Amino acid sequence: MPPEAPSRHPTAPSHHPSAPRRIAGGGRPVALRASLRRIAVLAGHNVLLRRRDPAHFVSYLVMPMVLMLVFKGMLGQATQAVTGLLVMFSVLSMADVATATLTERTWHTWDRLRATRARVPEIMIGKALPVFGVLVVQQAVLLAYGVLVVGMRLAGPLWPLALAVTAWCFALLCLGTAVAGVVRSQGELSTLCNIAALSVSALGGALVPYALMPAWAQAVAPVSPGYWATTMLQAAVRGDVAGTAGPAAVLAGLGVAAGAFACRRFSRGWGRSATL
């Protein structure tokens, strides 16, 4: 008699050699390591792109350094000159933040990137980390220049200033990423960032002291992120912890809202090259 055929019940487990095996309790650490690896690869690629084109970074360092000396002579206030121009040129740097994502759409590589295993938050973080580092270095260099050359005096510890720089860079990073999901070309991005830099700086009290602004400008100033950034940085220079923490919380909340908008917009396909 022929041997009895093996059972092929649909619920029988498969023991094929190539079938993936799950390790009890080890799924989450493995997934976390894979996610961190993907973020590291994306961040390394964007660091390479930054190193190949440092022109904007250099220009946004040299121009405010020159203007700080001019504004110091005009206003007679080193703190106002340093913090105001730092805010203005950091808003201009927001274009670099948006460019990190916009170039993928311009080169028509965004769809390929989305086709990989990397999720949208991983892509955003991988692109954001190098830009965040550039923003922090830019502001640290300008603050050091303001103290050593322009004559700004720090009246307290350094950690409130570090908190202020971190909060402002985080807000700029998220806002720039959100802008990348709205504009469709480098021309639109450049126009929007130039207008935003002047508007945010002028209405926020970055170019002239808040007390010298007209009444209508003082009334609308809190709408501008530059107002909170300038107020926060000047409070940090004075060593006012409470005056630093309040605006930092506002900017952090603004950054979280802008980051959530950006992730939602890109995850729903609105940032794909097909929309260009």
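These questions and replies cover the helices, burial, contacts and internal spaces of a predicted model.

Me: How do you know which features of this predicted model count?
Reply: Local features need pLDDT of at least 70 and side-chain atom pairs pLDDT 80 or more, while totals for chains, interfaces and linings use all residues. Residues are numbered from 1 along each chain as its sequence is written, and side-chain values use heavy atoms, with hydrogens and water left out.

Me: What makes up the secondary structure of the protein?
Reply: The protein has 11 helices and 0 strands. Helices (H or I, at least four residues) and strands (E, at least two) are DSSP runs, numbered from the N terminus. From that end, the elements run α-α-α-α-α-α-α-α-α-α-α.

Me: How do you know that the span of helix α11 agrees with its number of residues?
Reply: The expected span of a helix is 1.5 Å times one less than its number of residues. Helix α11 covers residues 241-267, which is 27 residues, so it should span 39 Å. Its end C-alpha atoms are 38 Å apart, and that agrees.

Me: What lies at the start of α11?
Reply: A side-chain oxygen of Asp 240 comes to within 3.3 Å of the backbone nitrogen of Ala 242.

Me: Why is Thr 83 called buried or exposed?
Reply: Buried means under 20% relative accessible area, exposed over 50%, and partly exposed in between (1.4 Å probe, protein chains only). Thr 83 has 0% relative accessibility, so it counts as buried. Thr 83 is in helix α3, residues 78-92.

Me: Why is Ala 219 called buried or exposed?
Reply: Its relative accessibility is 61%, therefore Ala 219 counts as exposed. Ala 219 belongs to helix α9, residues 215-220. Leu 203 is 16 residues from Ala 219 in sequence and 9.5 Å from it in space, C-alpha to C-alpha.

Me: What class of exposure does Gln 77 have, and why?
Reply: Gln 77 comes out at 38% relative accessibility, so it counts as partly exposed. Gln 77 sits in the loop between α2 and α3.

Me: Which residues of α11 are buried, and what share of the protein is?
Reply: The buried residues of α11 include Gly 243, Leu 251, Gly 255, Ala 262 and Phe 266. In the protein, 41% of the 276 residues are buried.

Me: What makes a polar contact at the side chain of Thr 83?
Reply: A polar contact is a pair of N or O atoms within 3.5 Å; within protein, one must be able to donate a hydrogen and the other to accept it, and residues adjacent in sequence count only if both atoms are side-chain atoms. The side chains of Thr 83 and Gln 234 make such a contact at 3.3 Å. A polar atom of the Thr 83 side chain also lies 2.6 Å from the backbone oxygen of Thr 79.

Me: Which residues does Thr 83 touch, and which does Gln 77 touch?
Reply: Contact means heavy atoms within 4.5 Å. Leaving out residues up to four places away in sequence, Thr 83 touches Thr 230, Leu 233, Gln 234 and Val 237. With the same exclusion, Gln 77 touches Lys 72 and Pro 209. Gln 77 and Pro 209 are 132 residues apart in sequence, yet 9.4 Å apart in space, C-alpha to C-alpha.

Me: What makes a space a cavity, and how many does the structure hold?
Reply: On a 1 Å grid over the protein atoms alone, a cavity is a set of points where a 1.4 Å probe fits but cannot get out. A pocket is an open set with protein on both sides within 12 Å along at least five of seven lines, and lining residues have an atom within 4 Å of a point. There are 2 cavities of 30 Å³ or more. The largest cavity holds about 60 Å³. Among its 10 lining residues, the closest to its centre are Phe 57, Ser 93, Asp 96, Val 134 and Leu 135. Helix α6 gives the most to that lining, 4 residues.

Me: What classes of residue line the second largest pocket?
Reply: Ala, Val, Leu, Ile, Met, Phe, Trp, Tyr, Cys and Pro count as nonpolar, Asp, Glu, Lys and Arg as charged, and the others, Gly among them, as polar. The lining has 10 nonpolar, 2 polar and no charged residues. The volume of this pocket is about 250 Å³, as the space filled by probe spheres set on the grid points, which are joined across faces, edges and corners. Helix α6 gives the largest share of the lining, 5 residues.
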